[in-house]
Amino acid sequence: MTADAPITQDFMTIPRKVPEGPRNLVGLPRPAFREALIAAGTPEKQAKMREAQLWQWIYQRGVRDFAAMTNLSKAYRAQLADAFVVEIPEIVSKEVSADGTRKYLMRIAGGHEVETVYIPEEGRGTLCISSQVGCTLTCSFCHTGTQKLVRNLTAAEIVGQVMAARDDLDDWPKPGEGMGERPRLVSNIVLMGMGEPLYNFENVRDAMKIAMDGEGISLSRRRITLSTSGVVPEIARCAEEIGCLMAVSFHATTDEVRDKLVPINRKWNIAKLLEALRAYPRLSNSERITFEYVMLKDVNDSDADARRLLKLIEGIPAKINLIPFNEWPGAPYARSDWDRIEAFADIIYKAGYAAPIRTPRGEDIMAACGQLKSATERAKKSRAEIAAEAGLSTP
């Protein structure tokens with residue numbers, strides 16, 4: 001096992017300056033969206049109607065050119081084009097795995113890059129999106145955790161990953177086609193990419209409200225899962241303000257082991273985390289908590305660990321996702337043997353809990369769980385270098 005790591009990276013996030021020129025409409029919550037339209041000259045009496053029209057063009061149809069929004073007058077379209085843009089992250093590279101998984105490298109403001117992964121399965125398609133450039137945390141088994149945090153993503157950059165993936169998959173309704181006439185290729189969202197979502201709560205919340213909006217991307221809250229390493233103070237807030245499904249990166253059954261695997265445990269230990277999780281289904285009217293448990297050989301995979309896990313989660317509506325460790329160059333751990341994983345799963349299953357063993361996906365393109373890491377290492381640069389390159393504000 002590795003030596004103790006700091007709870008978080010030694011970092012300072014750099015706030016973005018509001019760019020000059022036309023304002024991006026993507027990512028604005030509805031009230032701010034309407035206020036922006038009014039400020040740009042839309043009569044207040046028309047603002048609610050115009051908001052609904054534009055919202056549907058952008059988020060239901062995937063249209064970004066105001067000239068193509070044909071239920072608006074030409075004069076109003078020109079007015080919008082002068083004041084606003086509809087911008088999303090740019091896909092700069094795409095890798096496709098032998099199993100159909102797609103890993104996108106997306107470029108955002110300042111030239112930074114994040115990774116987004118699409119996982120096709122029978123009857124569903126899951127998009128794994130990022131919430132930060134790099135990661136705040138230092139989980140010792142996670143490749144992304146070896147990249148320092150640069151900054152939080154904006155709401156536009158978070159929901160924009162969904163929009164960019166739908167572009168690539170040709171997943172928007174075609175002209176003349178009604179909503180829902182074709183099965184959606186992106187049917188589920190998981191906030192399990194780069195970063196800790198609850199350390200970027202407001203932007204994640206605003207992006208997911210757009211994803212869940214019936215006139216927006218229109219996904220049920222039960223098709224969105226937020227995964228946290230255990231930022232306890234934000235868990236109840238997530239239930240109240242987002243209400244999506246909750247997953248927790250658990251990975252250990254004692255504080256001694258979890259302190260090393262998930263160092264944030266030294267701030268909020270297993271007992272405190274479980275206390276917050278017990279309240280989550282009630283607060284959010286949600287379904288089961290998903291406990292993610294990466295299987296590490298001779299570290300957390302014993303029968304005793306399985307029994308301790310059952311005792312810990314007793315009384316919590318739960319399922320346990322067992323994740324065979326996805327090895328990466330220089331990783332300090334090895335994947336548990338398959339018979340050991342199956343024996344662990346059998347103990348959980350016989351106690352009455354679902355204990356699926358996650359099939360590794362996209363390993364050949366380093367897109368599997370825990371492997372996300374941007375191709376560029378901008379986080380290694382100094383704060384001054386990042387600010388100079390990106391046009392970001394500094395204290």
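A residue counts as partly exposed when its relative accessible area falls between the buried limit, under 20%, and the exposed limit, over 50%. By that rule Arg-237, with a relative accessible area of 23%, is partly exposed. The structure described here is a predicted model. This briefing covers the chain as a whole and then its salt bridges, including those that link helix α5 (residues 201–212) and helix α6 (residues 232–241).

**Chain overview**

- The chain contains 11 helices and 13 strands.
- It has 395 residues, and 53% of them count as buried.
- Taking contacts between residues at least 6 apart in sequence, 68% join residues at least 24 apart.
- The accessible surface of the chain is about 17,000 Å², and carbon and sulfur atoms account for 50% of it.

**Salt bridges in general**

- Side chains of opposite charge can pair when their charged atoms come close.
- In the whole structure, 22 salt bridges are found.

**Asp-170 and Lys-174**

- Asp-170 and Lys-174 form a salt bridge in which the closest N and O atoms are 2.7 Å apart.
- Asp-170 is partly exposed, at 42% relative accessibility.
- Lys-174 is also partly exposed, with a relative accessibility of 36%.

**Glu-202 and Arg-237**

- A salt bridge joins Glu-202 to Arg-237, with 2.9 Å between the closest N and O atoms.
- Glu-202 belongs to helix α5 and Arg-237 to helix α6, so this pair ties together parts that are 35 residues apart in sequence.
- Glu-202 has a relative accessible area of 39% and is therefore partly exposed.
- Arg-237, at 23%, falls in the partly exposed class as well.

**Glu-241 and Arg-205**

- The side chains of Glu-241 and Arg-205 form a salt bridge, at 2.8 Å from N to O.
- Because Glu-241 lies in helix α6 and Arg-205 in helix α5, the pair ties together parts that are 36 residues apart in sequence.
- Glu-241 is partly exposed, with a relative accessible area of 27%, whereas Arg-205 counts as buried at 16% relative accessibility.
- The value for Arg-205 is 16%, and the cut-off for buried is under 20%.

**Shared network**

- Glu-202, Arg-205, Asp-206, Glu-234, Arg-237 and Glu-241 are joined into one network by salt bridges that share partners.
- Members of this network include the pair Glu-202 and Arg-237 and the pair Glu-241 and Arg-205.

Note on methods: Residues are numbered from 1 along each chain as its sequence is written. This is a predicted model: local features need pLDDT of at least 70, side-chain atom pairs count only at pLDDT 80 or more; totals for chains, interfaces and linings use all residues. Side-chain values use heavy atoms; hydrogens and water are left out. Helices (H or I, at least four residues) and strands (E, at least two) are DSSP runs, numbered from the N terminus. Buried means under 20% relative accessible area, exposed over 50%, partly exposed in between (1.4 Å probe, protein chains only). Contact means heavy atoms within 4.5 Å. Accessible areas come from the Shrake-Rupley method with a 1.4 Å probe; for residues, only the protein chains shown count as cover. A salt bridge is a side-chain nitrogen of Lys or Arg within 4 Å of a carboxyl oxygen of Asp or Glu.
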